[in-house]
Structures are given as C-alpha cells and as structure tokens.
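Visitor: I should like to understand how the descriptive terms applied to a structure are justified. Could you take me through them?

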Amino acid sequence: MRYALLIYENEDLYRAGDGRAMDDIIAAHQALAGELAAAGVLQGGSGLKTVDTATTVRKTGGQHALHDGPYAEAREQLGGFYLVEVPDLDAALAIAKRIPLAGDGAVEVRPVIDED
Amino acid sequence: MKTLDPGTALEGAAREAGGRIVAALAATFRDLDLAEEAFAEACARAAAIWPTALPLDPAAWLYVTARRCALDMIRRRTVRRRLTPEAPAPEATAEDVLASDARLIPDERLRLIFVCCHPAVAPEARAALTLRLVCGLSAREIARAFLIAEPALFQRLTRAKKKIAEAGVSFEVPGPDAWPERLAAVLSTLEVAYARAHEDAAGTGTHAGYAREMLDLTAVLAELLPNEPECLAFAALVRFAEARRPARLDAEGAMVPLSEQDPRLWSRPLIAEGEALLRAAARLNRPGPRQLRAALHGVWCARRSLAEPPPWSAALALYDLLLDWREDPFVRLNRAVVLAEVAGPAAGLAEIKKLDAARLDDFQPFHAVQADLLARLGRPDEALAAYDRAIAMAPGAAERLWLIRRRTEL
C-alpha cells in the first residue's frame, strides 16, 4: 500500500538561531530519503517553503477567492511529506517515527487511494 | 455419540468455536467484514440444514462452510468489478474434507486480538471490537455491558473495521521489538473490558457471559505468549477475581467486601490456576505493575477461612510497590483502606485528605470509603453525608444495598 506521511511542525523552530537547526534537519531528511530510496520504498516527497509563502485559493458558492496565507492558521503547519510504498500501516508508522523533527511535531499517516 | 437437538448444537458450536472460526477467516482473507459475514452465512445455512442432517463435528462444519461462503463472496465481488459472467460456485474440495475436524481450525485469535487492539484503532472501539470478533458476543450484549445504545456501538464497530481495512492495519502478530507498544495496547484494552465485568458484583446477565470470555481470552494470550510476564499476570488476576465471584453477594443480594467474604466459597481450581500463572510470571524475573496487581489478588486468595487474619500488611506492602511504579490516585485510595486496618481509621482518612478530591469526586468508592472511616472515627454526621453522596451516584444494585445497610447502621 502507498501512504503519504505528512509532517506538521512549528516553523518558528527553524527560524530561530543561525539556521543550523534547518541544515541539520535537511541532512537528516536526506539520509532517511536516501535509505528509503535504496530500499525501493520511497515514491516521492518534498519539503515545503514556510507558510508565509503560501497562497490559498478558496471556492465558495462557485466563486474563487484568493488569500495570502495557509489553508488554516495553526501553531503547527504542514511542512513537507513523504510518499512511500510499504506492505502495511505498521511499516508506514515505523517510518513516520523515524522522520526527523526539530522539536515537538506530528506526522500524519494517510493511505493513498490506489487506482484499480 | 449422544444426540443433540440442532438448535442447541448450533448455539453451542457458535459459542465454542465462533471466535476461532472468525479469527481463522480474518487471518486468511485479511478482511474482518468478510469473515463476519461468511460466519453469519454459515450459521444461517446450519440452521436450515442441521435439522435434517446434523454433522458429526458441528464446529468443523461451520468452519468449512464459512470458508466456502467467504470464497464465494470474494468471487462475486471480483465478478461485479470486472463485469464478466459469474463463475460456478466452488465444489467441496479435498481440503474441505480434510478440515472436517474442529481441531484443524487454525488458532488465529492472537493475531485477531492484535488487530482489534491496534493503536491505530480508536481506544473506545478496541474492547468492543475484540469482544465482538474474538469472543463472538452480539452487538446487543456489548452495548448493554458498555451502557451505550446499540446503534452507537454498531457505528463504533463499523468505523473501526473500516479504519482497519482502509488504513491497511497489518494482520501479522508484531515482532517482540514492537511489543512494549502493541502488547500494552492489548492488555490495557482487555483490562478495561474486564474491569467492567468485575465492577458488577452481582455478575448478572449482562456481564456473566463476558466474564467467562475473559477467562478464555486471557488463557489464549497466556498460552501463546508464555514469556510475557505481564500477560501471564493479567491472566492470573482474572482467575483470582473470578474465583471470588460466588462469595461476592450475601443472601439478600448485597455486596460482601473482600475481607468479609467466606474464602470457603471461592473457587479453589481457579485460584490454583492463577497461582501457577503468577509463579510462571515471577520466574521470568521482569517485574511490572500487572504482576503487582495480580499479587494483591493472590495474597487475598491465599486466605483459607474467615478465622485466618486478613492479609492487610502484605497488601499494604504491595500497594507501596505499585505506587513506586506509578503514582495513581485510585491506587492511593485503595491503599488508604488498607492503611486504616493496619494503622487505624485516622491514618487512613489523613491519607485520603491528601488526595486530589476534584479528580476523585465522581468516583463512588471515594465517598463510600470516607463514609466508613468517618463512622469508625465517631463522626456520624459527616459519615451520613458521605454515604448519601455515594448512594446518590447510583452504583449497581448490590453495592447500593450494601451502602444503604451501612448507612442505616450508623
């Protein structure tokens, strides 16, 4: 089965200090992604720029409206995702536990709809 | 072979082997709904066929038939999806004939318990799902035991099964490295389920069936995980607690407190089983809170008659060990009861006054215990008020009768 691992973190953790935290986490992501790719598990994924770069397109009653900012204002924001193919939920959860986080945060594990 | 009437045979086989059959089907087909539906279909066919031809081995017949029904259902689903003509129904295979012995039904109940108690399943659904699928209790029985409406329970079960199917919860028994998390989820689920059965001293209709199921379920766990001391300890605890059931009510139906129960009424075979399990757990040399709880029950069950002094000081020592493990206001309350026997009611009450009253205010024994200690300290007005609080919280009939009697004695 394929799963999306959605990473939610407080972006302030990366803004603080001299950017070292960010560099360390990126290196850790690269190491994990490399390992998952070598195992044939990784199907995709990316980090996302911070929510101050986000634009939201909302459709209400047939009309589109744009606004500056993320879908929802929250302390923790979607900051990136992995797309993996593993046998079952437990395997996906095991990978989710290994995803590097700068501090407190959450990884939501969502099965992907497969076409068949 | 004695003759059985078909209805009784079906009810008996479904109760005896239902859990095993559903578990075996679920493990084979990795689909809880399919397993349940196929088993229900097999029971329906049995009801139609058995009156004219009662099988030699009813459980095996149900298993073979349910398996065939499951295969039919899968075939029909596939056919619907591909829009090709329906294939003929399968014949009984050589495998079916071989499997016509109930001993050959694979025991996949442990696997199913791990699925039902997966941390990805909502905690409030885990016990209900386990009782439904592994123990074969009806939705009505579970709804009554959990004091929720049947439609709400049904919805909870449906949502849990959908989550398991859609999210791809594994049907494998997890490896030992995952046990701290997974086995803990299983044991705490079963503990919640058992606490409900045990709370009810009367053990009337709603709980009797499932208390018996808990004996079976913990036996399965203990047998399949013989190197997990907490698992063995929980199985021991259920035996110690169930052993005392015959002594928990007096002639008028009022609750009898543990220290006043006549040990001669307790089931010695169950106590012996519990003791053997607890000894096996201790030999593994990995202490844990469930072993301490089981030991607490064990020291009481070692009492042979009311002439022997109650084991207050042993119980006090065990409560202290339990609190070393984890701070818990409910354990502290129980410890205060024991302390009152060892060091006097004033000492017990002083301990209770240190507890977080706001947290325990909704807990009926919190008031009942204080009422008793206040009465013994010669403070009848406060005791009366505390009994009123406890009685107003609508405990079970047996507890209520006991509380009212104590209140009247003031």
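Guide: The following exchange sets values against their definitions.

Guide: This is a predicted model, in which local features need pLDDT of at least 70 and side-chain atom pairs count only at pLDDT 80 or more, while totals for chains, interfaces and linings use all residues. Residues are numbered from 1 along each chain as its sequence is written, chains are lettered from A in the order in which they are written, and side-chain values use heavy atoms, without hydrogens and water.

Visitor: Why is the pair R182(B) and D90(A) called a salt bridge?

Guide: The term requires a side-chain nitrogen of Lys or Arg within 4 Å of a carboxyl oxygen of Asp or Glu. The closest N and O atoms of R182(B) and D90(A) are 3.1 Å apart, so the pair qualifies. The count between chain A and chain B is 2 salt bridges.

Visitor: Which helix gives the most to the side of chain A that touches chain B?

Guide: Helix α3 (residues 89–98) of chain A does, with 4 residues; a helix here is a DSSP run of H or I, at least four residues long.

Visitor: What makes up the contact between chain A and chain B?

Guide: With contact meaning heavy atoms within 4.5 Å, 8 residues of chain A touch 9 residues of chain B.

Visitor: How is the size of such an interface expressed?

Guide: It is often given as the accessible area lost when the parts come together. Chain A and chain B bury about 630 Å² between them, on the basis of a 1.4 Å probe and a sum over both parts. Carbon and sulfur atoms hold 51% of that area.

Technical notes. Buried area = accessible area lost by both parts, 1.4 Å probe. Helix = DSSP H or I, 4+ residues; strand = E, 2+ residues; numbered from the N terminus.
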